[in-house]
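Please look at the sequence and the 3D structure below before you begin. Each exercise sets a task and then works through a solution step by step.

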Amino acid sequence: MAQSLELLLIQFLMPDNDARRQAEEQIKRLAKDPQVVPALAQHLRTAKTPNVRQLAAVLLRKKITGHWAKLSPQLKNLVKQSLIESITMEHSPPVRRASANVVSIIAKYAVPAGEWPDLLPFLFQCSQSAQEDHREVALILFSSMTETIGIAFQPHFADLQALLLKCLQDDTSNRVRIAALKAVGSFLEFTNDGDEVVKFRQFIPSILNVARQCLSSGEEDVAIIAFEIFDELIESPAPLLGDSVKSIVQFSLEVCSSQNLESNTRHQAIQIISWLAKYKHSSLKKYKLAIPILQVMCPMLAESTDAGEDDDLAPDRAAAEVIDTMALNLAKQVFPPVFEFASLSSQSANPKFREASVTALGVVSEGCLELMKDKLEPILHIVLGALRDPEQMVRGAASFALGQFAEHLQPEIMSHYESVLPCILNAIEDASDEVKEKSYYALAAFCEDMGEEILPFLDPLMQKLLAALQK
């Protein structure tokens, strides 16, 4: 089988579609025989070109599950030895990684059965090797094996944590640091014991360093792993963050305010701020982080969304969600800076900032309702002024804000009906359908709680509504 299989592997990689299809069909036939496993393991070590060796590893990974139990102990040892040699002696990184994936699959069956007692000691040895390739592939294996045999690592947890921290701080290899970051993410996801999870707090400075290095080198997808780790830490009921929350917030704000980064990367950073506002708002209060966060989030409301960009990733929408969450949990810390931002931005020459000023007020009206009721007059001065703005988007945001006020600032908002209702009646005749729609929402919310004071406005209101229906 070995000789014919090698030819088929070479043929499988040919650009000729017919030749590749024929090779695939013959490999499928051969793969029904358990002897395909040692044959693929042999080619993994002896094939002349890396792409053939990599293909052998990929096929081995697919076929090993069905055939492993059928192999003799001698053949199992032969396969394991071939994989260890590939990991330690192979020069091609893709082949090493493909071999590591096969080891992870075999470990699922062999380690619990006691058939591979020297695997974990080998990985610990590899991870401390002077060779960068060995350290990297050991960490890759620790990551992938967490998914298959994570429970086998529990007796070695303290040693593993020390090892991961050391590798995160590896001062000679970026590849090792990145592999360590991915391994930390895998282990944290697997770890449920509160005391063990708390130990990850000491990892935060090193995680931040690796994430910053990845962003500066353009590896945003790797930096996102750091945010996924922070997500796990934030949602854990264990007191994981301590004063590290300050450095996490600072890093997240750096990322979400960097407009040269990908939308998804920035969104991950904004999401971390949102989770902190939701789950750890007492820490934001303790370390006085509300104002620094709002100094970044409020101006983000004025960012333009790129055409075709996913609305869920739009920075202005994500920032509004953060501000809303903060208002619900930290009203006293949120309202003063938001009101200051709204007052200044309402006078801006930039219509996006005028829009942001009233959007911010609308967004915080639920969480900051008691504080806003005491400032209704200056707040309405800003919003009613925006309802007459020459720019459609500013008028639309003002209509939205009025609807929010009518919903959340009852009953105090009703005492201002004489100034508010005429402005809404004008807005429902706006040239923009979007402004009209939001104005009807504001009108419905406002009128719902009005009593006889609506009577003087009833005739013009009904005339406008009937005219709208006729159109």
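The exercises below deal with a buried helix, a loop residue, salt bridges and a pair of packed helices.

This is a predicted model, in which local features need pLDDT of at least 70 and side-chain atom pairs count only at pLDDT 80 or more, while totals for chains, interfaces and linings use all residues. Residues are numbered from 1 along each chain as its sequence is written, and side-chain values use heavy atoms, with hydrogens and water left out.

**Exercise 1. Determine which residues of α7 are buried, and which helices they pack against.**

Step 1: Helices (H or I, at least four residues) are DSSP runs, numbered from the N terminus, and α7 covers residues 119–127.

Step 2: Buried means under 20% relative accessible area, exposed means over 50%, and partly exposed lies in between (1.4 Å probe, protein chains only). In α7, the buried residues are L119, L120, F122, L123, F124, C126 and S127.

Step 3: Because seven of the nine residues of α7 are buried, this helix is largely enclosed by the rest of the structure. Its buried residues pack against α5 (73–89), α6, α8 and α9 (157–168).

**Exercise 2. Decide whether S129 is buried or exposed, and find its contacts.**

Step 1: S129 sits in the loop between α7 (119–127) and α8 (132–149).

Step 2: The relative accessibility of S129 is 17%, so this residue counts as buried.

Step 3: Contact means heavy atoms within 4.5 Å. If neighbours within four places in sequence are set aside, S129 is in contact with H134 and R135.

**Exercise 3. Describe the salt bridges of D133, E132 and E370.**

Step 1: A salt bridge is a side-chain nitrogen of Lys or Arg within 4 Å of a carboxyl oxygen of Asp or Glu, and the structure holds 16 of them.

Step 2: One of these joins D133 to R96, with the closest N and O atoms 3.3 Å apart. The two residues belong to distant parts of the chain, D133 to helix α8 and R96 to helix α6 (residues 93–110), and they are 37 residues apart. D133 counts as partly exposed at 23% relative accessibility, whereas R96 counts as buried at 2%.

Step 3: Another salt bridge is formed by the side chains of E132 and R175 (3.3 Å, N to O). Since E132 lies in helix α8 and R175 in helix α10 (residues 174–190), this pair ties together parts that are 43 residues apart in sequence. E132 is partly exposed, with a relative accessible area of 28%, and R175 is partly exposed with 32%.

Step 4: E370 forms a salt bridge with K373, where the closest N and O atoms are 3.8 Å apart. These residues are three apart in helix α21 (residues 369–373), so about one helical turn separates them. E370 is exposed, with a relative accessible area of 52%, but K373 counts as buried at 15%.

Step 5: Salt bridges that share partners join R96, E132, D133, E136 and R175 into one network.

**Exercise 4. Describe how α22 packs against α23.**

Step 1: Two packed helices are described by the angle between their axes and the distance between the axes. The axes of α22 (residues 376–386) and α23 (residues 392–408) come within 8 Å and cross at roughly 140 degrees.

Step 2: The contact is made by I379, L380, V383, L384 and A386 of α22, together with V394, R395, A398, A401, L402 and F405 of α23.

Key. Axes fitted to C-alpha atoms, helices over the stretch in contact; angles between N-to-C directions.
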